[in-house]
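Grab a pencil and work through these exercises with the model open beside you. Each one sets a task and then walks through a solution.

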Amino acid sequence: MTRALINVPPKAKRGEVIEIKTLISHEMEPGYRADSTGVLKPRDIITDFVCKYNGEEIFRAELFPAIAANPFFVFSTVATESGKLTFEWTGDNGFSATESADITVE
Amino acid sequence: MTGEVPMSEQSGMPQATRRQFLVDAACVAGGLVLVPVVAAGPARATPATMRTAMKNVVGEATVRKGKVTIDLPPLIENGNTVSLTVAVDSPMTAADHVKAVHVFNEKNPQPNVVSIHLGPRAGKASVATRIRLADSQKVVAIAEMSDGSFWSDEAEVVVTLAACLEGSVP
């Protein structure tokens with residue numbers, strides 16, 4: 001099954017800029033490669049990734065076939081309040097995965 | 001007389017040809033082992049299609065050089081996974097922040113690489129990901145600011161392994 005790795009600091013000071021790293025296992029088949037018999041494999045990629053902080057969108061990416069397999073993103077956000085960060089990936093063939101991480105802001 | 005030909009012309013051309021031959025030979029050898037019949041390569045993006053893709057994002061606005069920094073290794077051994085970092089010089093306040101970062105390339109099958117949407121809550125305008133590059137080419141990042149202006153940076157990269165494998169290896 002799909003495996004996602006999330007790296008969010010569990011604790012942060014209010015107003016601190018924290019770094020978030022995400023990695024999800026996915027082939028990201030670009031649709032331009034042939035299989036062993038020479039037949040072109042159809043495109044199967046993650047097309048969207050959204051990160052929300054207590055329900056508010058803080059980061060969104062539109063992915064194209066030029067994103068490497070197992071899409072990896074590093075971005076940042078301001079630690080405003082304790083709560084939950086949610087991560088959602090959607091893509092071709094109905095692909096959907098969600099993950100979340102808790103953060104305590106002091 | 002050959003003695004009057006400049007050194008660059010004398011030594012540069014045969015080397016380039018030999019290198020090209022080795023690359024082609026490697027492609028053919030790889031293709032023969034893995035796929036007996038290699039279909040014609042997929043359509044490539046070109047500098048022109050990259051400009052069109054950029055225009056779809058930018059519209060009629062002018063794109064100025066500056067503020068954006070692309071961090072990409074200049075020499076890439078494996079084009080299947082290339083670390084890319086784009087940083088934009090911005091205070092990231094509600095009044096002045098980066099709204100989006102778009103990355104384009106010249107020679108992959110498609111000109112778009114990724115479009116990232118940010119806001120003042122990002123705190124700092126720096127994002128990193130991993131991309132695929134099918135050939136030695138130019139990569140361009142365009143940042144869209146909250147005031148509607150566009151800024152860009154570009155990087156030339158040399159890719160030693162990628163294009164010939166993209167069509168044949170799963």
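## Warm-up: a helix and its end

Helix α2(B) is followed by Gly59(B), whose phi is positive, near 75°. Helices here are DSSP runs of H or I with at least four residues, strands are runs of E with at least two, and both are numbered from the N terminus. This is a predicted model, where local features need pLDDT of at least 70 and side-chain atom pairs pLDDT 80 or more, while totals for chains, interfaces and linings use all residues. Residues are numbered from 1 along each chain as its sequence is written, and chains are lettered from A and ligands numbered from 1 in the order in which they are written.

**Exercise 1.** Check the length of α2(B) (residues 47-58) against its expected span.

*Step 1.* The expected span is 1.5 Å times one less than the number of residues.
*Step 2.* For the twelve residues of α2(B) that comes to 16 Å, and the end C-alpha atoms are 16 Å apart, so the two agree.

## Across the sheet

**Exercise 2.** In which order do the six strands of the open sheet run?

*Step 1.* Count two strands as paired if DSSP finds at least two bridges between them.
*Step 2.* Reading across gives β1(A)-β3(A)-β6(A)-β7(B)-β4(B)-β2(B), with antiparallel pairing.
*Step 3.* Now the edges: β1 (4-7) of chain A and β2 (68-71) of chain B each have a single partner strand, so one side of each has no neighbour in the sheet.
*Step 4.* At one of these edges, β1(A) pairs with β3(A) over four bridges, and Ile6(A) has Thr22(A) as its bridge partner in β3(A).
*Step 5.* Crossing between chains, β6(A) (residues 72-78) and β7(B) pair antiparallel over two bridges. Here Phe73(A) has Thr129(B) as its bridge partner.

## Where the chains touch

**Exercise 3.** Describe the side of chain B that touches chain A.

*Step 1.* Call two residues in contact if their C-beta atoms, placed from the backbone, lie within 7 Å.
*Step 2.* On that basis 33 residues of chain B are in contact with 26 of chain A.
*Step 3.* The elements of chain B giving two or more residues to this side are β6 (112-117) and β7 (126-131).
*Step 4.* Sorted by class, the side has 14 nonpolar (Ala, Val, Leu, Ile, Met, Phe, Trp, Tyr, Cys, Pro), 14 polar (the others, Gly among them) and five charged residues (Asp, Glu, Lys, Arg).

## Three loop residues

**Exercise 4.** Buried, partly exposed or exposed: where do Gly15(A), Asn54(A) and Met92(B) fall?

*Step 1.* Count other C-beta atoms, placed from the backbone, within 10 Å: 20 or more is buried, 12 or fewer exposed, and in between partly exposed.
*Step 2.* Gly15(A), in the loop between β2 (11-12) and β3 (17-24) of chain A, has 10, so it's exposed. Leaving aside neighbours within four places in sequence, Gly15(A) is in contact with Val78(A) and Ala79(A).
*Step 3.* Asn54(A) sits in the loop between β4 (46-53) and β5 (56-63) of chain A. With 13 such atoms, Asn54(A) is partly exposed, and its phi is positive, about 50°, although it is not a glycine.
*Step 4.* Met92(B) also has a positive phi, about 55°, without being a glycine. Met92(B) lies in the loop between β4 (82-88) and β5 (98-105) of chain B, yet with 21 such atoms it's buried.
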